[in-house]
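Biologist: Could you walk me through this one? I'm new to looking at structures, so plain words please.

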Protein chains: 2
Amino acid sequence: MFEMTAVLKSFGEEMRRAREHVAREAVLTPLVESSSINERVGTRVLLKLECMQRTGSFKFRGAYHKVASLPPREMERGVVATSSGNHAQALAAAAKLFGVPATLAMPFDTPAFKLDRVRRWGATIVHYDRYRDDESAVGEALARERGAARVHPFDDASIISGQATVGTELFEQAASRGVRVDAMLVPCGGGGLTAGVALAARATSPETQVFAIEPEHYDDTARSLRSGAIVANAMGQGHRTLCDALMVAQPGTLTFDINRQLLSGVAVVSDVHVREALRLLVQELRLVVEPAGAIGLAALLAAQVPVNGACAAVIVSGGNIALPALEELIIEREAMA
Amino acid sequence: MFEMTAVLKSFGEEMRRAREHVAREAVLTPLVESSSINERVGTRVLLKLECMQRTGSFKFRGAYHKVASLPPREMERGVVATSSGNHAQALAAAAKLFGVPATLAMPFDTPAFKLDRVRRWGATIVHYDRYRDDESAVGEALARERGAARVHPFDDASIISGQATVGTELFEQAASRGVRVDAMLVPCGGGGLTAGVALAARATSPETQVFAIEPEHYDDTARSLRSGAIVANAMGQGHRTLCDALMVAQPGTLTFDINRQLLSGVAVVSDVHVREALRLLVQELRLVVEPAGAIGLAALLAAQVPVNGACAAVIVSGGNIALPALEELIIEREAMA
């Protein structure tokens, strides 16, 4: 377990460098507000549009900072990672921008859309079974085999510092409009984005409460925080969620340790509310968002986070979904309504 | 013909009031930039996302300001308009927000998507044939019949002043980032948005050159400017464009008079480049944009406007298209590539 002051001190300098790296190539994504969405939710909601980020998700921030931070000799040997899609795409893009070879291990059931995008960045793909294989073992074996650096999708100080830039940007954007963010809702898989945003809040906006939002059946961070130690999801039991980008085995050691000290809470959200959020984002803001990216707004629609008329900010973390797949999610919801 | 100083003086006060009205209910739409799009176009491009505007297009600005400016007695009698869809939706929403009854005459071939949205705002719809009927006569007859105020989609000082707020916002957003906008590309149908943005540029950013962008076969503003007098499109000859929102019979008297004095030029763009722009906006920014909304970016892709490495701003004017229709436009383009 880390002592928070020491963690913050160690992250401070790295977060500053991450900011510099990220500013070079990432999109300064907008923070938007919609009166229709505010009315629907019953509170003021600011949406940070990471679906507009390069490679379609916030993951580009961490991956780019990580690759930018590699020593020259490691850059030559290349990078490997296991990923459900967004980290793979982000790492493939970051590696390409530095001329670094990349190999990605991705689950068999990754949407074809995400596989195509990774291939377009010139990376090599190998497959694994996310319900049976041990993701960590897959990553380690691949790194050994290729003599390459393994870039963990979340349990890495550089990755967390890269993701923290979303939070820092958001707090600066809100402050420049004179808005105080009371509650911050962050999609949570392995906890890298959550930890990064929590660190950013502590440094830049300490009055903000940070909440992790998880999909049903993949509430490992919620259960781990309750039990005080890392608890894994039941990956082999056929549980599914629309939020494929948030399906991980368990929280990371580093992410869990940060999140247990800095989070104000965790909410768990069902697919029904995710669909409703997706539909609202298309209808009101004409945004293509993937299910995981809509889970923060879904938590507000489901009243899963105590906001009480204050100002909430949501990270719309990614938009990597094909249009027909999104249409199907929204239509089906309409039929159910 | 108006003398420009007098026009500016008369618009100055109305543009200020429009700004106040619009700030109440409209979305402060983001101005975004994508390094991938910059690289593709070969120049720096700022995109003003009016596809995120309330009712999905910039038209809400003009319609809301117009309705807000009506005397109480006219509000009671209601409003009518002819519109290919976006003005109808905007006027229906604005009217609803003020409790004013609205009747909209819309072309038979308006996308069903747009008709549905107008109905959802509680407005009454009647149909006309945009290739045979005289739109102006349809509007006048409807206003007489209902005893209601006719809200012209573009040839109206209040509407133009409302649309001008897009430009003023954009120039302020750019200035706050220390960016000088050299060229401004504006989708042009009847010329209301173009005239509004040109007036805003003259007032706020006089160093910016403003260009109107029209679709092939509907280049009435280009031809009118060349001939020095208003020239109509050949509406009856079966010419089609993907940009249904820009299909009008001819420029307005007021819009033409402003545009002929303030525009730096007009570019005419083919559907091929519109599709390419739509695809880029989905791929890079996960935005649902309708064809007319992509025509500014299309003009840059087609190198139809002299930018020469300077900074261009584009108004992404609307996003009112169903996902399957957008998918079809993008897929078809991929098959052609």
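**A helix, an interface and a pocket**

Modeller: Sure, and keep in mind that this is a predicted model. Let's begin with helix 9 of chain A, which is mostly covered, with 10 of its 13 residues buried.

Biologist: What span does helix 9 of chain A reach from its first C-alpha to its last?

Modeller: This helix takes in residues 192–204 of chain A. At 1.5 Å a residue, you'd expect 18 Å for its 13 residues. The model comes out close to that, with a reach of 18 Å.

Biologist: How much area is buried between chain B and chain A?

Modeller: Let's start with who touches whom: 32 residues of chain B are in contact with 32 residues of chain A. Carbon and sulfur atoms give 54% of the area buried between the two chains. The whole buried area is about 2400 Å².

Biologist: Which three residues supply more than any other three of the area that chain B buries against chain A?

Modeller: We're looking for the trio with the biggest share, and here that share is 31% of what chain B buries against chain A. The three are B:M52, B:R286 and B:L323.

Biologist: Which residues are closest to the centre of the largest pocket?

Modeller: That pocket has a volume of about 970 Å³. Its lining has 36 residues, which divide into 13 nonpolar, 10 polar and 13 charged. Both chains give elements to the lining, including helix 2 of chain A and helix 1 of chain B. Closest to the centre are A:L31, A:R177, B:L28, B:T29 and B:Q173.

Definitions and conventions: Residues numbered from 1 in each chain as written. Chains lettered and ligands numbered in written order. Predicted model: local features only at pLDDT ≥ 70, side-chain atom pairs only at ≥ 80, totals over all residues. Heavy atoms only, no water. 1 Å grid on protein atoms, 1.4 Å probe; cavity = no way out; pocket = protein on both sides within 12 Å on 5 of 7 lines; lining within 4 Å. Points joined across faces, edges and corners; volume = space filled by probe spheres on them. Helix = DSSP H or I, 4+ residues; strand = E, 2+ residues; numbered from the N terminus. Nonpolar A, V, L, I, M, F, W, Y, C, P; charged D, E, K, R; others polar. Expected span 1.5 Å × (residues − 1). Buried < 20%, exposed > 50% of the residue type's maximum accessible area, 1.4 Å probe, protein only. Contact = heavy atoms within 4.5 Å. Buried area = accessible area lost by both parts, 1.4 Å probe.
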